[in-house]
Amino acid sequence: MARGDHVFVRRGRRYSHHGIDCGDGTVIHFGGTRGTIRRIERTTYAAFADGGEVLVRAYRTRLPVEEIIANAESRLGTQQYHLVRNNCEHFATWASTGSPRSRQVRGWAVAAPSAFASIGVAEAAGAHAIFLGGLGVGAYAASAPLRRRRLAGRSGTPGQRPRRSDRTLRVPEAG
């Protein structure tokens with residue numbers, strides 16, 4: 001790893017944490033834990049890695065190293081973290097390329113198109129909406145085996161009522 005690299009650490013299967021390597025054993029990234037105010041700070045590699053393997057994000061084109069470091073340092077102390085609009089990956093990508101992007105957020109959007117709407121509704125309605133939404137998602141996931149069995153039963157098994165699309169339409173003869 002080198003000065004100005006966009007570095008990241010995978011945190012289980014759910015997400016990865018991103019920052020900018022300063023080349024002196026420190027990383028600039030969004031620090032803080034869940035439930036606290038997160039701010040961009042400079043920490044040691046060990047604190048950034050938190051026991052994980054530090055990897056480098058490769059870019060076809062990126063800004064010059066000194067500009068990347070200047071970008072990252074210009075945001076030190078900033079507290080504008082937002083999971084969807086301004087997370088650690090947005091910050092590191094912006095510092096490296098000048099454009100804030102997050103592959104993770106794009107991936108979540110593709111996997112669950114209603115995720116953005118759900119987050120917006122939850123923010124507007126409060127924490128109880130998040131809880132109720134979680135219950136709904138859990139119920140949907142738990143019912144997956146039932147949906148699969150029901151769909152498998154529609155495949156033309158003898159004794160099953162044919163699907164609407166399989167039925168023929170009888171038109172009375174004119175005459």
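## Close-up views of a sheet and its helices

**View 1. Five strands form an open sheet in the order β4-β3-β2-β1-β5, with antiparallel pairing.** Two strands count as paired if DSSP finds at least two bridges between them. Strands β4 (39-44) and β5 (54-57) stand at the edges with a single partner strand each, so one side of each is left without a neighbour in the sheet. On average, neighbouring strands here are turned by 40 degrees against each other, direction ignored. This is a predicted model, so local features need pLDDT of at least 70 and side-chain atom pairs count only at pLDDT 80 or more, while totals for chains, interfaces and linings use all residues. Residues are numbered from 1 along each chain as its sequence is written, and side-chain values use heavy atoms, with hydrogens and water left out.

**View 2. The whole protein has 7 helices and 5 strands.** Helices (H or I, at least four residues) and strands (E, at least two) are DSSP runs, numbered from the N terminus. Follow the chain from that end and you meet β-β-β-β-α-β-α-α-α-α-α-α. Of the 175 residues, 30% are buried, meaning under 20% relative accessible area (1.4 Å probe, protein chains only), whereas exposed means over 50% and partly exposed lies in between.

**View 3. Strands β2 and β3 pair side by side in the antiparallel sense.** Strand β2 covers residues 15-21, strand β3 covers residues 26-31, and 3 bridges join them. Look for D21: its bridge partner in β3 is V27.

**View 4. Helices α2 and α3 meet the strands of the sheet.** Helix α2 (residues 65-74) lies across β2, β3 and β4, running at about 115 degrees to β2. Helix α3 (residues 88-97) packs on the sheet and touches β1 (6-11), β2, β3, β4 and β5, and its direction makes about 35 degrees with that of β2. Such angles run from 0 to 180 degrees between N-to-C directions, with axes fitted as lines to C-alpha atoms, for helices over the stretch in contact; contact means heavy atoms within 4.5 Å.

**View 5. Helix α2 has buried residues and exposed ones.** Which residues are buried in α2? They are I68, I69, N71 and A72. Seen down the helix axis, the buried residues of α2 fall within an arc of 160 degrees, so they line one face; the arc is that of the directions from the helix axis to the C-beta atoms. These buried residues pack against β2, β3 and α3. On the face turned away from the buried side, you can find the exposed residues E66 and S74.
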